[in-house]
There are 2 protein chains.
Amino acid sequence: MDLKQWVGIAAGLLTSISMLPQLIKIIKEKKAKDISILMLSILTTGNTLWAVYGFMRNDWPIIITNFISITINSITGYYRIRYKDR
Amino acid sequence: MDLKQWVGIAAGLLTSISMLPQLIKIIKEKKAKDISILMLSILTTGNTLWAVYGFMRNDWPIIITNFISITINSITGYYRIRYKDR
């Protein structure tokens with residue numbers, strides 16, 4: 001693997017796990033009122049389209065990193081709705 | 001352009017503007033305490049690496065969509081810090 005591929009993998013991993021600290025913060029503090037549901041919805045829709053794009057190109061790094069994002073962002077969305085009044 | 005490219009462009013646009021509703025919500029409500037600074041930092045670092053990856057591959061859609069993300073996410077980070085006590 002050359003440098004280019006390592007940069008791509010690092011970028012994909014960082015962006016796909018980026019919502020994890022937000023999810024952990026919501027679960028720990030049980031507060032989510034300031035978080036935009038519209039942001040999470042647009043982001044998850046975008047990740048879903050990236051996964052479709054990855055399938056169309058048979059590009060597994062794009063498919064996998066976006067499935068990680070979809071999972072984390074959907075769980076974050078669940079807790080955002082669950083703690084919507086706090 | 002074929003369907004694949006349209007799906008890629010739509011995915012890129014959605015993920016790059018996804019933080020915009022969050023930025024607008026913070027500016028309107030002047031509240032940001034529930035938002036994770038670590039999330040914004042990881043996301044912006046990931047976007048920066050994607051932009052570097054785009055330069056390495058001379059892939060302008062990747063460069064442009066990630067510059068949009070870096071701009072919006074950095075401004076969101078600024079307001080997150082500015083309203084950290086509310």
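**View 1. The area buried between chain A and chain B.** In this predicted model, putting the two chains together buries about 3,200 Å². Carbon and sulfur atoms give 74% of that area. Three residues stand out on chain A's side: A:Lys4, A:Asp34 and A:Met56 supply 20% of the area that chain A buries against chain B, more than any other three residues. As for the contact itself, 34 residues come from chain A and 34 residues from chain B.

**View 2. How the two chains are related.** Give chain A a turn of 180° with a shift of 0.0 Å along the axis, and it can be laid on chain B with an RMSD of 0.0 Å. That's the relation of a two-fold axis. Both copies use the same surface, with 100% of chain A's contact residues recurring in chain B.

**View 3. A:Asp34 and a salt bridge.** Within chain A, A:Asp34 is the residue that comes closest to the rotation axis, its C-alpha lying at 2.8 Å. Its counterpart by number, B:Asp34, meets A:Lys31 side chain to side chain in a salt bridge, 3.6 Å from N to O. Across the whole interface, the rule finds two salt bridges.

**View 4. Helix H1 of chain A and its two sides.** This helix runs over residues 3-17, and its end C-alpha atoms are 21 Å apart, which agrees with the 21 Å that 15 residues should span at 1.5 Å a residue. Buried here are A:Val7, A:Gly8, A:Ala11, A:Gly12, A:Thr15 and A:Ser16. They cover an arc of only 150° around the axis, so they sit on the same side of H1(A). Over on the other side, A:Leu3 and A:Trp6 are exposed. The cover over the buried residues includes helix H4 (60-82) of chain A together with helix H3 (37-56) of chain B.

Terms used
Residues numbered from 1 in each chain as written. Chains lettered and ligands numbered in written order. Predicted model: local features only at pLDDT ≥ 70, side-chain atom pairs only at ≥ 80, totals over all residues. Heavy atoms only, no water. Least-squares fit on C-alpha atoms with pLDDT ≥ 70 in both. Contact = heavy atoms within 4.5 Å. Helix = DSSP H or I, 4+ residues; strand = E, 2+ residues; numbered from the N terminus. Expected span 1.5 Å × (residues − 1). Buried < 20%, exposed > 50% of the residue type's maximum accessible area, 1.4 Å probe, protein only. Arc of directions from axis to C-beta. Buried area = accessible area lost by both parts, 1.4 Å probe. Salt bridge = Lys/Arg side-chain N within 4 Å of Asp/Glu carboxyl O.
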